[in-house]
Amino acid sequence: MQHRPKVLERTRELPVGQILDGDCIAAMRTIPDASIDMVFADPPYNLQLGGDLARPDGSHVDAVTDDWDKFDSFAAYDAFTKAWLAEARRVLKPNGSLWVIGSYHNIFRVGATLQDLGFWILNDIVWRKANPMPNFKGTRFTNAHETLIWASMGEKARYTFNYRAMKTLNDELQMRSDWVLPICAGQERLRKDGAKVHPTQKPEALLYRVMLATTQKGDVVLDPFFGTGTTGAVARRLGRQWIGCEREPAYRDAARERIELALPLDESALTTMQSKRSAPKVAFGVLVETGWIKPGTELTDRKGRYRATVRADGSLTAETHEGSIHGVGAKVQGATACNGWTFWHTEHEGETKPIDALRQLYLLSTEP
């Protein structure tokens, strides 16, 4: 049974690094308008379990039977969903984004409601569980996935997406919308007196990918259903700020202890690959000026078929051709265009590398 949330006074300052006590709707009402960069929500799934679950051998299945997952009707669940999503929309910045995770029990209802409120769905991500719980009765397919909805504030919102970081994370292939990750288990699973502290604790790898993809260092991430603090722990590691809402005292205590143990990554580890659109512009001549590539250096293509010489002004000469790294690269191949940064190579520290590798080294050396 869900109770009407008490209205609390709205704060002027963001309560970053805090777990707000009580009902999530009332707690979110204390957060200023348009102050949050990303909301990650793992709401009650409204599983509608008819009773305890048992394995074929009679042993008990540790499923979700807590009061926080119980609603009197679909209408009650829909009203609750609309209320917390409305608050999430109010606190998000115009270019912020929302993530919601759920199962077949609730994700379709949540998706329809967020669209009704004006959110714009960008992707639905299928989290394929590498080690799902089997269907013990053998009456249905094994539930081997959950669904995440990623949405912006509107069709034309300029949301954050670190495409290049995701491609790097995925061995230089575009990251797809089906993610194969294990469920939370082993040492990561929080236990007390041999029992799970929380029945639906999410794996840190899942939150790591979400935050790395759709936030920047220093961004504020809000989790209205904080549980045992997976969002907070990953945010601390990745240099993001976090705010949690959680009404269960046992979960709050476990979350605080867990986040305190989460060690932030150092500055160099937090540097992620930038997209070409956001990467600082560097002219080839700058590498010549700063000595990364000296005038007179001979450049070749990867297979050594074409050669060009670097001149003091950053231009190249090759046989009868002269001009920029791109122009000369196109001319020697008889092509209409060429990306000189990847076409031309040079010797560096005993290895033949594309000149773009030296550009990246230069960028790293000039970071504040």
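User: How is a residue classed as buried or exposed?

Analyst: Buried means under 20% relative accessible area, exposed over 50%, and partly exposed in between, with a 1.4 Å probe and protein chains only. Helices (H or I, at least four residues) and strands (E, at least two) are DSSP runs, numbered from the N terminus. This is a predicted model, in which local features need pLDDT of at least 70 and side-chain atom pairs count only at pLDDT 80 or more, whereas totals for chains, interfaces and linings use all residues. Residues are numbered from 1 along each chain as its sequence is written, and side-chain values use heavy atoms, with hydrogens and water left out.

User: Which residues of helix α3 are buried, and which exposed residues does the face turned away from them carry?

Analyst: In α3 (residues 107-116), Ile107, Val110, Gly111, Thr113 and Leu114 are buried. They fall within an arc of 165° seen down the helix axis, so they line one face of α3; the arc is that of the directions from the helix axis to the C-beta atoms. The face turned away from this buried side carries the exposed residues Phe108 and Asp116. After α3 comes Gly118, with a positive phi near 105°.

User: What covers the buried residues of α3?

Analyst: Contact means heavy atoms within 4.5 Å. The cover includes α2 (74-91), β5 (92-102), β6 (120-129) and β7 (145-152). Leu114 touches Leu85, Leu98, Val100, Phe119, Ile121, Ile149 and Ala151, leaving aside residues up to four places away in sequence.

User: How should a nonpolar core be read?

Analyst: In soluble globular proteins, nonpolar side chains tend to be buried together. A nonpolar core is a set of buried Ala, Val, Leu, Ile, Met, Phe, Trp, Tyr and Cys residues joined through side-chain atoms within 4.5 Å. Here the largest has 32 residues, and those with the most contacts inside it are Ile36, Val39, Trp84, Leu98, Leu114, Phe119 and Leu222. Helix α2 gives the most to this core, with six residues. Apart from it lies another core, of 28 residues, among them Met38, Leu181, Ala233 and Ala235.

User: In what order do the strands of the sheet lie?

Analyst: Two strands pair if DSSP finds at least two bridges between them. Eight strands form an open sheet of mixed pairing, in the order β1-β12-β11-β2-β5-β7-β6-β8. The edge strands β1 (18-21) and β8 (178-181) each have a single partner, so one side of each is left without a neighbour in the sheet. Within the sheet, β2 and β11 pair in the parallel sense over two bridges, and Met38 stands opposite Val221 in β11.

User: How do helices lie on this sheet?

Analyst: Axes are lines fitted to C-alpha atoms, for helices over the stretch in contact, and angles run from 0 to 180 degrees between N-to-C directions. Helix α3 packs on the sheet, touching β5, β6 and β7, and its direction makes about 165° with that of β5. Helix α7 lies across β1 and β12 and runs at about 175° to β1.

User: Why is helix α6 described as largely enclosed?

Analyst: Six of the eight residues of α6 (residues 230-237) are buried, so the rest of the structure largely encloses this helix. The buried residues are Thr230, Thr231, Gly232, Ala233, Val234 and Ala235. They pack against β2 (36-41), α5 (204-214), β11 (220-223), β12 (241-246) and α7 (249-261). Just after α6, Gly239 takes a positive phi of about 75°.
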